[in-house]
Amino acid sequence: MADSLCFPLAAKTPNYRSSLLFRNCPLPSRLLPPKSSLQLNGSKNKLNVLALSQYSLLSLHHRVAPIRALESDVPHPLHKDSVDFKRTKSYEEWDSLTANFAGAANIPFLLLQLPQIILNARNLLAGNKTALFAVPWLGMLTGLLGNLSLLSYFAKKKEKEAAVIQTLGVVSIHVVLTQLAMAGAMPLPSFVATSVVVGAGLILNFLNYYGMLNTTIWQFWEDFITIGGLSVLPQIMWSTFVPYIPNSILPGAIAFVLALAAVTMARTGKLSEKGVKFVGSISGWTATLLFMWMPVSQMWTNFLNPDNIKGLSAFSMLLAMIGNGLMIPRAIFIRDFMWFTGSTWATLFYGYGNIVCLYL
């Protein structure tokens, strides 16, 4: 794959340390000129070889240049320095292949929530509403907020397959919350407020994806999910270790104040350009860290209460592992560090890690 992604760039000074890393790497045959052009004599031959070496090292250096974490939400960072890169056949092939992998992840993620939805429907039809109280609506709401934040992230990057996956997650979790509200397991005011946020989020993301949304409205939505995500994350992490630590809303309250101050300073121009980028990346990273924390919380619960492991579904964990694993190639291809981190973590710990706990 690395060989297939080589492309010419404008002349730059090659990085010395990067050149040392690849001094023993074989050069792709496409980079070499025809044999007839190499049959030169004297200084002219030396100049051509030197130019070829610099060109090859420059191409190798660009191919492995990482995308900074703060630039993960920049649309299409892979080809930002090359005008003709998207026109190459190899790029189109890899783009299509990795997109198909990401699209295939819809199947396991759909099956992930479907059994719970069917079970809840059966209990409602049978009049067994108390069975739905076993489903924690706050945990489902947290997952919904994470999906909604990542939907905005991927819609902004124009990653259609990943945006569809997050949309599927939002809709399926909202269906579960609707069932919980019907059973009285979720307070009605909380459900109404959640429904308004979900409806607004889906409409705004749809309009933004197709370029039909005002920039000011989109910034307001991004600020909303940034403040909400940053407020929820530390509170969930704190609550994981209760009762070993005091039960308190202080972490969420402090995070809310800090998030509100950061967003206000960013919008009023009181932060540097790097600071504004940092605030803009908070919503995506908080959603990713929220999902990354879920397997940690589950394994901590398994450690404290080994008997609870019997209630875990190995099939659900396997589906989550497959779904996240299918998205890793796409994250690597577009060099999205945040997406790669979240998908890899979920594959290893939420899937494989919890499955191992079942057999220990």
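Which helices each supply at least two residues of the lining of the second largest cavity? I opened my notebook with that one, and I kept in mind that this is a predicted model.

**Entry 1: the cavity**

I found the answer in three helices: α6 (137–157), α9 (215–240) and α11 (273–304) each give at least two residues to that lining. I listed the lining residues next: L145, G146, S149, G229, V232, T286, A287 and L290. By character, I sorted them into four nonpolar and four polar, with no charged residue. The space inside comes to about 40 Å³. I also noted the count of cavities of 30 Å³ or more, which is two. A friendly reminder to myself on the method: rolling a probe the size of a water molecule over the atoms shows where empty space is left.

**Entry 2: the whole chain**

I then stepped back to the overall fold. I counted 13 helices and zero strands, so to speak an α after α reading along the sequence. Of the 360 residues, 39% count as buried. I looked at contacts with a separation of 6 or more, and residues 24 or more positions apart account for 75% of them.

**Entry 3: N205**

Is N205 buried or exposed? I looked it up and got 3% relative accessibility; because buried means under 20%, N205 counts as buried. I placed N205 in helix α8, which covers residues 188–209. Leaving aside residues up to four places away in sequence, I saw N205 touch L151, S152, A155, W218 and W221.

**Entry 4: the rings**

How many aromatic pairs does the count give? I got 11. I picked out the pair of F241 and W293, which is edge-to-face, with 5.9 Å centre to centre and 70° between the planes. F241 sits in the loop between α9 and α10 (250–267) and W293 in helix α11, so this pair ties together parts that are 52 residues apart in sequence. I checked both partners for accessibility: F241 is partly exposed at 28%, whereas W293 is buried at 16%. Following the ring pairs onward, I found F241, Y244, W293 and W300 linked into a cluster.

**Entry 5: a charge over a ring**

Which residue lies over the face of Y209? I found K158 there, at 5.2 Å from the ring centre.

Key
Residues numbered from 1 in each chain as written. Predicted model: local features only at pLDDT ≥ 70, side-chain atom pairs only at ≥ 80, totals over all residues. Heavy atoms only, no water. Helix = DSSP H or I, 4+ residues; strand = E, 2+ residues; numbered from the N terminus. Buried < 20%, exposed > 50% of the residue type's maximum accessible area, 1.4 Å probe, protein only. Contact = heavy atoms within 4.5 Å. 1 Å grid on protein atoms, 1.4 Å probe; cavity = no way out; pocket = protein on both sides within 12 Å on 5 of 7 lines; lining within 4 Å. Points joined across faces, edges and corners; volume = space filled by probe spheres on them. Nonpolar A, V, L, I, M, F, W, Y, C, P; charged D, E, K, R; others polar. Phe/Tyr/Trp six-rings, centres within 6.5 Å; stacked < 30°, edge-to-face > 60°. Lys NZ or Arg CZ within 6 Å of the ring centre and 35° of its normal.
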